[in-house]
Amino acid sequence: MFDLANWKNPETLMLNITNSALGIAAFVLVAWICGEAIREFVLQRRESHRKH
């Protein structure tokens, strides 16, 4: 994800690591939100099945 050719420049390396961390964090957040939405959807469907 980040270019280790720039390891001699600490500032560039920190930017690359930060960008990678932000990308991973964003992906985890989206995955968690999707998981929660699916879980809510499944629970609602189970509730509606119980009523019928």
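1. A good place to start is the pair Arg-39 and Glu-36, whose side chains meet in a salt bridge with an N to O distance of 3.4 Å. Please keep in mind that this is a predicted model. The two residues are 3 apart in helix α1, so about one helical turn separates Arg-39 from Glu-36. Arg-39 counts as partly exposed because its relative accessibility is 44%, and Glu-36 is also placed in the partly exposed class, at 28%.

2. Arg-50 and Glu-47 form a salt bridge too, with their closest N and O atoms 2.9 Å apart. Both residues sit in helix α1, and their spacing is 3 residues, about one turn of the helix. Here the arginine is exposed: Arg-50 has a relative accessibility of 63%, and the cut-off for that class is over 50%. Glu-47, with a relative accessible area of 40%, is partly exposed. The count of salt bridges comes to 2.

3. You may also like to look at the nonpolar surface patch made by Ile-24, Phe-27 and Val-28, which covers about 320 Å². Ile-24 belongs to helix α1, which spans residues 10–51. With 45% relative accessibility, Ile-24 counts as partly exposed.

4. Now for the chain as a whole. It has 1 helix and 0 strands. Of its 52 residues, 6% count as buried. The accessible surface of the chain is about 4,900 Å², and carbon and sulfur atoms account for 68% of that area.

Conventions: Residues are numbered from 1 along each chain as its sequence is written. This is a predicted model: local features need pLDDT of at least 70, side-chain atom pairs count only at pLDDT 80 or more; totals for chains, interfaces and linings use all residues. Side-chain values use heavy atoms; hydrogens and water are left out. Patches are made of residues with over 30% relative accessible area and no salt bridge: like charges are joined within 9 Å, nonpolar side chains (Val, Leu, Ile, Met, Phe, Trp, Tyr) within 5 Å. Accessible areas come from the Shrake-Rupley method with a 1.4 Å probe; for residues, only the protein chains shown count as cover. A salt bridge is a side-chain nitrogen of Lys or Arg within 4 Å of a carboxyl oxygen of Asp or Glu. Helices (H or I, at least four residues) and strands (E, at least two) are DSSP runs, numbered from the N terminus. Buried means under 20% relative accessible area, exposed over 50%, partly exposed in between (1.4 Å probe, protein chains only).
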